[in-house]
Amino acid sequence: MNELLVTCTGVVKRYGNKPALSGVNLELGRGRIVGLLGPNGSGKTTLIKILCGLLQPTEGAVLIDGQTVGPYTKSVISYLPDRMYFADWMKATDLFDLFADFYKDFDKARAMSMCASLGVTPSDKLKTMSKGTKEKVQLVLVMARKAQLYLLDEPIAGVDPAARDFILGTILTNYNEAGTVLISTHLISDVERVLDEAIFLKDGQITLHDTVDNIREREGKSVDGLFREIFRARNYEGGAF
Amino acid sequence: MDWTFTEDRPIWQQLAEQLTLRILKGEYPSGSRLPPVRELAALAGVNPNTMQRALAQLEQDGLAVANRTSGRTVTEDGEVIRRARRERAKSAVAGCLRILEELGYTKADALVYVKEELSHE
């Protein structure tokens, strides 16, 4: 097993002429919960999609557990996309069967017990579920795998604050201890307590990567506070209406 | 008692303080076993590594003792707990005095107010 779980070297991604990532260098160890933080359009989703092999980088190299992205790395990554991709006529239990077929590390019994604690009825069709409930099903699918790397793209954006805490608790208590969880979000104050490390992404580049405790100690403020300071949008200075 | 965290300091320090307080209040009595790291982390809603660091601080302070096989227990040394309680009491009084001084009261005023407050009880 490789010491480092994720290594990105000089990763560049352009959509046509439009740069999304401009030279990302990143190393992630094992057994950590890492926040990928940045404002809208900073490249969070692009980076996550490159890590899980859905997008090819324009330049640069990505290694997961010492391997280039391919069938092996996909088998050790559990990915929560930023949108639903399931047919809505399916039931949650259908999805569990599907995942059990695809991934040998998927634990169906665990998925069922997570549903029970999240208050999801697995025999319901997705069509009949609310947006938040669907997100919970998606989270169950992702967390019921014993993966090495969990890539969670905006896992808490669509649910109410109480459910948010519950979901974060689910992530905390259910991830594989030897695995690493990468959570992209802009709801920083909600996730800050669960993070080991924070990565700030700005205009496609990593501007900060440190432990949350170091940031608080050095800056005398929370990661959320620092984020607001760095990414403060300038007020619109157009003329009056 | 809920776990609350302020913005300006590392979370592990605040965890260590709150765990200490729980021990001093007898919520985790002397000699009793502390819940495992993961369980405590889930209770406080924090990262297990952060909780680990807080517990390491408690061990350093002598309030918690790590056993090789069975997790951590609260120290059985009553003197350590008594000392920690006194520390806590001193800093509570110091904090109170600081606030009164900021309001422009002298230490003598403070003493009068404390006595007055006590006589009401």
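## Helices α1 and α3 of chain B

In this predicted model, helix α1 of chain B covers residues 11–24. Helix α3 of chain B covers residues 48–60. The two pack at an angle of about 55°, and their axes are 8 Å apart. That angle makes α1(B) oblique to α3(B). The crossing is right-handed.

Which residues of α1(B) meet α3(B)? They are B:Ile11, B:Trp12, B:Leu15, B:Ala16, B:Leu19 and B:Thr20. On the α3(B) side stand B:Thr50, B:Met51, B:Arg53, B:Ala54, B:Gln57 and B:Leu58. By class, this contact has eight nonpolar residues, three polar and one charged.

## Chain B as a whole

Chain B has five helices and two strands. Read from the N terminus, the elements run α-α-α-β-β-α-α. The two strands thus have three helices before them and two after them.

The radius of gyration of chain B is 18 Å. A compact globule of 121 residues would have one near 14 Å. Along the principal axes, the C-alpha atoms of chain B fill a box of roughly 55 × 35 × 25 Å.

## Where chain B touches chain A

How many residues of chain B are in contact with chain A? The number is 14, and they touch 17 residues of chain A. Helices α1 and α2 of chain B each supply at least two residues of this side. Helix α2(B), residues 37–44, gives the most, with three residues.

The side of chain B that touches chain A has seven nonpolar residues, three polar and four charged. Helix α1(B) thus appears in two settings: it packs with α3(B), and it supplies residues to the side that touches chain A.

## The four-stranded sheet of chain A

Chain A has an open sheet of four strands in the order β2-β1-β4-β5. The pairing is antiparallel. Strands β2 (18–28) and β5 (67–68) stand at the edges. Each has a single partner strand, so one side of each is left without a neighbour in the sheet.

Strand β1(A), residues 6–15, pairs with β4(A) over five bridges. Strand β4(A), residues 59–64, pairs with β5(A) over two bridges. Both pairs run in the antiparallel sense.

A:Leu63 links these two pairings. In one, A:Leu63 of β4(A) is the bridge partner of A:Thr7. In the other, the bridge partner of A:Leu63 is A:Thr68 in β5(A). Strands β4(A) and β5(A) form a hairpin with two residues between the strands. There, A:Asp65 takes a positive phi near 50°.

## The six-stranded sheet of chain A

Another open sheet in chain A has six strands. The order is β6-β7-β8-β3-β9-β10, and the pairing is mixed. Which strands stand at the edges? They are β6 (77–80) and β10 (205–211). Each has a single partner strand, so one side of each lacks a neighbour in the sheet. The twist averages 15° from one strand to the next.

Strand β7(A), residues 149–153, runs parallel to β8(A), residues 180–185. Five bridges join them. In one of these, A:Leu152 has A:Ile183 in β8(A) as its bridge partner.

## Helices α4 and α5 of chain A

Helix α5(A), residues 131–143, lies across β6 and β7 of chain A. The helix runs at about 175° to β6(A), an edge strand of the six-stranded sheet.

Helix α5(A) also meets α4(A), residues 108–118. Their axes come within 9 Å and cross at roughly 145°. This crossing is right-handed. In α4(A), the residues that meet α5(A) are A:Ala111, A:Met114, A:Cys115 and A:Leu118. In α5(A), the residues are A:Lys136, A:Val140, A:Leu141 and A:Met143. By class, the contact has seven nonpolar residues, no polar ones and one charged.

Definitions and conventions:
Residues numbered from 1 in each chain as written. Chains lettered and ligands numbered in written order. Predicted model: local features only at pLDDT ≥ 70, side-chain atom pairs only at ≥ 80, totals over all residues. Axes fitted to C-alpha atoms, helices over the stretch in contact; angles between N-to-C directions. Parallel < 35°, antiparallel > 145°, perpendicular 65-115°, else oblique. Left-handed = near helix turned anticlockwise from the far one by under 90°. Contact = placed C-beta atoms within 7 Å. Nonpolar A, V, L, I, M, F, W, Y, C, P; charged D, E, K, R; others polar. Pairing = 2+ DSSP bridges. Rg over C-alpha atoms; globule rule 2.2 N^0.38 Å.
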